[in-house]
Amino acid sequence: MRVKIACRTNLSILVKKRKEKKRKEKEKEKTELSSVTAFERSTIVNSSPVLDIEKMLDSMSGDEDAIRTLLEVFIKEHKDDAEKFRVQLKSEKQSAQRIVHSLKGVSGSLGAMPLYGIARDIEYALKSGEQVSEDLINQLSHTLEQSITFAQQVLDNENC
């Protein structure tokens, strides 16, 4: 399934929208966070949270440059991790475990919860001395590919 993002959805718009939302919350002296706005929902098509941009904005205090950098590093450093994991699993299990541990950490930072869950399950299996099924490895590969594609689309939409 290909994830599409509307061209107008970029970090600048989300940051502006977020700042406006926070300003309104302060004016109204609300203490609880409101849900994602209708504008944000309408601009991200099929946004099953491959990456949770809103979570990233919160964790990075709305710092667009930091988010861009994190996405760029994620793509550059982790795009081949599924294949590296397959290779290392056959010969060097500790190295394979480090790969999924790293993926677990970065996916948590990105709000890529599907990827996080798979990496967590694989890491647990490895720590427990269990076999990692081919199905789980395929899920890792597929979910990582989706996450990389989504991250690239977010960055590409910055140039629209």
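**View 1. Order of elements in the predicted model.** From the N terminus on, the chain of this predicted model runs α-α-α-α-α-α-α-α. That comes to eight helices and zero strands. Of the chain's 160 residues, 43% are buried. Contacts reach far along the sequence: among those with a separation of 6 or more, 71% join residues 24 or more positions apart. The chain exposes about 9,400 Å². Carbon and sulfur atoms supply 49% of that area.

**View 2. The largest nonpolar core.** This core has 39 residues. Leu 71, Phe 74, Phe 85, Leu 110 and Ile 122 have the most contacts inside it. Two or more residues each come from α1 (11–27), α3 (53–59), α4 (64–78), α5, α6, α7 (113–127) and α8 (134–157). Helix α8 gives the most, with nine residues.

**View 3. Surroundings of Leu 110.** Leu 110 is among the core residues with the most contacts inside the core. Helix α6 covers residues 93–110. Leaving aside residues up to four places away in sequence, Leu 110 touches Leu 51, Asp 52, Met 56, Leu 70, Leu 71 and Phe 74. Of these partners, Leu 71 and Phe 74 are also listed among the residues with the most contacts inside the core.

**View 4. His 101 on helix α6.** His 101 is found in helix α6, residues 93–110. An unreviewed UniProt entry places the feature "modified residue: Phosphohistidine" at this residue. Is His 101 buried, exposed or partly exposed? His 101 counts as partly exposed because its relative accessibility is 43%, which lies between the 20% limit for buried and the 50% limit for exposed. Helix α6 also gives two or more residues to the largest nonpolar core.

**View 5. Confidence along the chain.** The average pLDDT of the chain is 78. A score of at least 70 is reached by 75% of the residues. Among the elements, helix α5 (residues 81–91) has the highest mean pLDDT, 95. Helix α2 (residues 38–43) has the lowest, 32.

**View 6. Two stretches with pLDDT under 50.** Over residues 1–8 the pLDDT stays under 50. The model has 22 contacts beyond four places in sequence for this N-terminal stretch. Residues 29–48 also have pLDDT below 50. Beyond near neighbours in sequence, residues 29–48 have 26 contacts in the model. Helix α2, at residues 38–43, has a mean pLDDT of 32.

Notes
Residues are numbered from 1 along each chain as its sequence is written. This is a predicted model: local features need pLDDT of at least 70, side-chain atom pairs count only at pLDDT 80 or more; totals for chains, interfaces and linings use all residues. Side-chain values use heavy atoms; hydrogens and water are left out. Helices (H or I, at least four residues) and strands (E, at least two) are DSSP runs, numbered from the N terminus. Buried means under 20% relative accessible area, exposed over 50%, partly exposed in between (1.4 Å probe, protein chains only). Contact means heavy atoms within 4.5 Å. Accessible areas come from the Shrake-Rupley method with a 1.4 Å probe; for residues, only the protein chains shown count as cover. UniProt positions are given in the numbering used here, feature names are shortened, and annotations may be inferred rather than shown by experiment. pLDDT is the predictor's confidence in each residue, from 0 to 100. A nonpolar core is a set of buried Ala, Val, Leu, Ile, Met, Phe, Trp, Tyr and Cys residues joined through side-chain atoms within 4.5 Å.
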